[in-house]
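Me: I have this model open beside its sequence and would like to work through it by question and answer. Please reason each point out before giving the value or name.

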Amino acid sequence: MQVYRRLLPMRILKGKAMGARNLMALTMCLALMAGCQNTETSPGDSEGTAAAGGIPEKPNFIIVFADDLGYGDLSSFGHPTIHTKNLDRMAAEGQKWTNFYVAASVCTPSRAGLLTGRLPVRNGLTSNEIGVFFPDSHNGMPASEITLAEQLKKAGYATGMVGKWHLGHKEEYLPPNHGFDDYFGIPYSNDMDFTGQFASYQDYFGRYTERYESLKTEEYNVPLIRGTEEIERPVNQNTITKRYNDEAVKWIREHKDEPFFMYLAHSLPHVPLFTSDEFRGTSARGLYGDVVEEIDHGVGQIMELLEAEGLAENTIVVFTSDNGPWLPTGISGGSAGLLREGKGTTWEGGMREPTIFWAPGMLPAKVVMDMGSTLDLFNTFSSLAGVPMPDDREMDGVDLSPILFGDAESPRKEMFYYQGADLYAVRLGPYKAHFYTKEAYVMGAERVEHNPPLLYNVEEDPSEKYDLSGKHPEVIEEIRRVVEAHNAKMVKAPDLLKDRG
């Protein structure tokens with residue numbers, strides 16, 4: 001049992017109320033303990049790690065990022081009919097993280113958080129008016145942001161990206177202008193540049209709930225880009241996953257003799273769903289399962305390559321998704337498993353993602369129930385690569401090295417759930433308070449304020465069914481203090497998503 005779990009929740013979970021003053025003192029104490037652990041366990045120190053060979057200097061990094069994949073969409077995370085044998089092997093040999101969060105519940109801000117280690121509200125890549133960038137958007141990720149690719153290049157890493165970008169489609173915003181040496185992929189979501197018309201808002205979702213198996217890739221005029229040059233339009237989405245996988249494997253092989261960072265961001269299983277002939281009709285889950293299993297196949301190709309080239313013990317592979325399942329797409333969408341709701345919400349199903357770390361011989365195999373986030377990958381990879389963190393901006397990640405490589409607890413104790421530019425919910429230890437909630441993808445839906453906030457113990461109640469606000473007002477007060485401290489350091493950037501046309 002983790003130290004934090006022993007100390008903070010135990011008295012409250014057993015029904016013995018802890019005073020707000022004591023809870024606050026204990027939280028501060030635990031934060032100091034976490035800081036001491038981070039100081040004492042340096043990434044390059046093999047002492048305290050479970051890996052026999054310790055931590056190599058400048059390990060390679062691979063992030064495989066799915067699109068709209070739900071918490072319950074892998075067989076290793078409980079799906080009964082989607083067979084993800086390669087990801088299951090990753091989970092068995094590596095680390096399965098069950099409380100891992102993304103920075104936002106929709107594409108653009110989530111990807112911004114992953115690559116910058118900063119909440120997207122800090123750089124203008126989230127909005128209360130519009131969720132993501134579109135083909136007619138004026139802006140993109142600011143040049144002033146430091147991406148993970150730019151950070152690792154300081155240590156001599158080769159950097160490559162394959163897949164969906166969605167941080168600005170104009171040339172100045174594309175991956176080669178944000179630190180990536182090479183890029184092959186699409187600039188925004190695969191359902192954009194639709195060549196037809198929708199009769200209504202409901203008609204959009206009707207394509208994916210009723211006509212999803214008869215859709216044509218030519219109906220979506222999405223470009224395929226290499227570097228900054230358009231090479232195909234519309235991209236053939238039937239073969240896009242295979243080409244992404246092949247391109248990533250080829251790039252890794254070409255850069256095997258130098259430290260490298262590969263960011264493979266699949267554009268599926270975001271609707272519309274397409275898959276190659278090899279996988280169509282092979283999954284018991286239908287077309288959605290076909291798509292997920294083809295992505296899984298590509299993960300297997302990467303694992304095989306790393307093992308064949310002797311790179312597996314010097315490479316950390318991370319698999320996760322940008323946000324939860326897009327539930328209004330019905331049979332074309334995924335499942336959040338036992339978690340509540342999905343994409344576009346600040347319920348657990350919108351922002352908690354199935355996550356696996358794999359590095360045989362380097363990372364000890366285990367199930368991790370502590371918190372982590374895609375925000376933490378910037379800090380963690382920087383630490384392992386020996387690159388100092390930026391000191392001219394507020395960062396929102398923590399270094400997960402102590403728990404990845406040893407038996408320490410995770411230094412992440414809090415998670416902030418933003419909807420657009422507004423803070424809707426906060427998790428502190430096992431408790432999560434919802435100050436606001438809002439239905440997703442419902443025309444005319446308004447946010448609902450909760451005073452007192454809804455309170456859930458998401459360790460006992462991951463489905464967020466049982467409101468404890470009346471039972472633990474002292475926990476709510478401590479979370480309010482966390483919010484006050486967070487807001488005191490928060491400077492929100494101007495909205496870059498709203499400018500279109």
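**Charged pairs, sheet and cores**

Me: Which residue's side chain meets that of Arg481 in a salt bridge?
Reply: The N to O distance in this pair is 3.8 Å, which falls under the definition of a side-chain nitrogen of Lys or Arg within 4 Å of a carboxyl oxygen of Asp or Glu. Because the two residues are three apart in helix H13 (residues 473-488), about one helical turn separates them; helices (H or I, at least four residues) and strands (E, at least two) are DSSP runs numbered from the N terminus. The partner of Arg481 is Glu478.

Me: Which pLDDT must side-chain atom pairs reach to count?
Reply: Residues are numbered from 1 along each chain as its sequence is written, and side-chain values use heavy atoms, with hydrogens and water left out. This is a predicted model, in which local features need pLDDT of at least 70 and totals for chains, interfaces and linings use all residues, whereas side-chain atom pairs count only at pLDDT 80 or more.

Me: Is Arg481 buried or exposed, or in between?
Reply: Buried means under 20% relative accessible area and exposed over 50%, with partly exposed in between (1.4 Å probe, protein chains only). Glu478 counts as buried at 4%, whereas Arg481, with a relative accessible area of 34%, is partly exposed.

Me: How many residues separate Arg122 and Asp396 in the chain?
Reply: The side chains of Arg122 and Asp396 meet in a salt bridge of 2.7 Å, N to O, and both count as buried, Arg122 at 10% relative accessibility and Asp396 at 15%. Arg122 lies in the loop between H5 and helix H6 (148-153), and Asp396 in the loop between H11 and helix H12 (401-405), which places them apart by 274 residues.

Me: Which residue of S8 is the bridge partner of Ile63?
Reply: An open sheet of 10 strands has the order S6-S5-S4-S3-S7-S1-S8-S9-S2-S10, with mixed pairing, where two strands pair if DSSP finds at least two bridges between them. Within this sheet, strand S1 (residues 60-66) and strand S8 (residues 315-321) pair in the parallel sense over seven bridges. The partner of Ile63 in S8 is Val318.

Me: Which backbone oxygen lies 3.0 Å from a polar side-chain atom of Tyr71?
Reply: Tyr71 is found in the loop between S1 and helix H4 (85-93), and is buried with a relative accessible area of 9%. Its contacts (heavy atoms within 4.5 Å) include Phe77, Thr98 and Ser335, not counting residues up to four places away in sequence. Tyr71 and Ser335 are 264 residues apart in sequence and yet 6.6 Å apart in space, C-alpha to C-alpha. The oxygen in question belongs to Thr98.

Me: Which helix supplies the largest share of the largest nonpolar core?
Reply: A nonpolar core is a set of buried Ala, Val, Leu, Ile, Met, Phe, Trp, Tyr and Cys residues joined through side-chain atoms within 4.5 Å. In the largest one, which has 62 residues, Ile62, Met90, Ile252, Leu306 and Phe319 touch the most other members. The largest share, 10 residues, comes from helix H9.

Me: How many residues make up the second core?
Reply: This core is separate, and Leu125, Phe133, Met141 and Leu404 are among its members. Its number of residues is 50.

Definitions and conventions
Polar contact = N/O pair within 3.5 Å; in protein donor to acceptor, adjacent residues only side chain to side chain.
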